[in-house]
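User: I am new to this structure. Please walk me through it with short questions and answers.

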Amino acid sequence: MASPGEIINLGDLFERSFGSRPYVVTKDGDLSNSEGPLYRVDRPQAVNYYGELSTPKGSRIAQMYKGVQIWLPTTLYLATLPMTYLPYSVVKISGKKTIIRTPLPERVGTVKEQYNIDDYSITLKGFLIGDKLGAGGFPEEELDNLKRLYEAKSPVTIDNALTNIFLTNKEVGFFEQRRVVITRLELPEVQGGRKNIRPFVLEMESDSVFTLELK
């Protein structure tokens with residue numbers, strides 16, 4: 001999480017994220033492998049009523065959780081189950097369009113028509129951490145909540161600053177927004193290490209709400 005006044009080396013950040021360092025174009029138009037310009041974070045982050053960092057639209061970006069700065073925490077809601085809070089998680093979103101391509105005679109390329117936008121695929125990875133006494137702090141309650149969410153036969157509401165951008169739909173009611181269906185649950189094997197920490201993977205798809213009118 002960048003803080004106001006922090007200096008960021010964009011070349012290093014790009015290399016860590018994508019595995020290679022981008023070229024820098026100098027004023028003379030030459031290519032260089034130098035670090036390039038540095039980026040300074042000079043705008044203060046928004047702070048909501050509870051003192052947590054948030055986006056201008058109110059999505060929670062970061063908070064202090066048990067003395068640790070947490071970035072993009074995730075909460076899953078289902079009316080029949082307790083709220084599931086996943087502070088130590090990261091999110092990946094991917095989307096796909098169905099495009100109709102029509103070749104034209106004596107022309108280069110095709111005419112493209114957008115047919116529809118498929119559901120967003122969302123992957124949530126993170127850790128369940130148990131901190132209660134007994135059984136070495138094994139996160140039994142947290143694992144049970146995740147299992148019950150996966151086995152639920154209805155969509156789940158997800159609250160995350162990144163997913164909220166893609167899943168918020170003002171054309172439907174508030175409680176019908178940000179809905180996903182959990183399609184896969186994985187608990188990777190753990191060799192040694194701590195008994196109170198279990199990694200997890202949740203794969204989800206967005207669940208759009210449609211209103212059908214009969215005429």
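User: How many bridges join strand E6 to strand E7, and in which sense do they run?
Analyst: This is a predicted model, in which local features need pLDDT of at least 70 and side-chain atom pairs count only at pLDDT 80 or more, while totals for chains, interfaces and linings use all residues. Residues are numbered from 1 along each chain as its sequence is written, and side-chain values use heavy atoms, with hydrogens and water left out. Strands (E, at least two residues) and helices (H or I, at least four) are DSSP runs, numbered from the N terminus, and two strands pair if DSSP finds at least two bridges between them. E6 covers residues 53-54 and E7 covers residues 60-65; the bridges between them number two, and the strands run antiparallel.

User: Which residue in E7 is the bridge partner of Ser54?
Analyst: Strands of a sheet pair through backbone hydrogen bonds, either parallel or antiparallel. E6 and E7 take the antiparallel form. The partner of Ser54 in E7 is Arg60.

User: Which strands stand at the edges of the open sheet E5-E6-E7-E8?
Analyst: Four strands form this sheet, in that order, with antiparallel pairing. An edge strand here has a single partner strand, so one side of it is left without a neighbour in the sheet. The edge strands are E5 (46-47) and E8 (68-71).

User: Which residue takes a positive phi in the hairpin of E12 and E13?
Analyst: E12 (residues 97-103) pairs with E13 (residues 110-117) over seven bridges, in the antiparallel sense. One of the bridges puts Thr98 opposite Asn116. Six residues lie between the strands, and the one with a positive phi near 60° is Glu106.

User: What are the end C-alpha atoms of helix H2 apart, and what span is expected?
Analyst: H2 holds twelve residues, 140-151. The expected span of a helix is 1.5 Å times one less than its number of residues. For H2 that gives 16 Å, which agrees with the distance between its end C-alpha atoms, 16 Å.

User: Where do the buried residues of H2 fall, seen down the axis?
Analyst: Buried means under 20% relative accessible area, exposed over 50%, and partly exposed in between (1.4 Å probe, protein chains only). In H2 the buried residues are Leu143, Asn145, Leu146 and Leu149. The arc is taken from the directions from the helix axis to the C-beta atoms. They line one face of H2, because they fall within an arc of 160°.

User: What covers the buried residues of H2?
Analyst: Contact means heavy atoms within 4.5 Å. The cover includes strands E9 (74-77), E10 (84-86), E14 (121-129), E15 (156-159), E16 (179-186) and E17 (197-206).

User: Which residue meets Arg148 in a salt bridge?
Analyst: A salt bridge is a side-chain nitrogen of Lys or Arg within 4 Å of a carboxyl oxygen of Asp or Glu. The whole structure has five. Arg148 is partly exposed at 35%, and its partner sits four residues away in H2, about one helical turn. At 4.0 Å, N to O, that partner is Asp144.

User: How many residues apart are Asp207 and Arg179?
Analyst: Their closest N and O atoms are 2.7 Å apart, in a salt bridge. This pair links distant parts of the chain: Asp207 lies in the segment after E17 and Arg179 in strand E16, a separation of 28 residues.

User: Which residues are linked with Arg184 in a network of salt bridges?
Analyst: Arg184 is partly exposed at 33% relative accessible area. Its side chain meets that of Glu186 at 2.7 Å, N to O. The network links Arg184 with Glu186 and Glu203.
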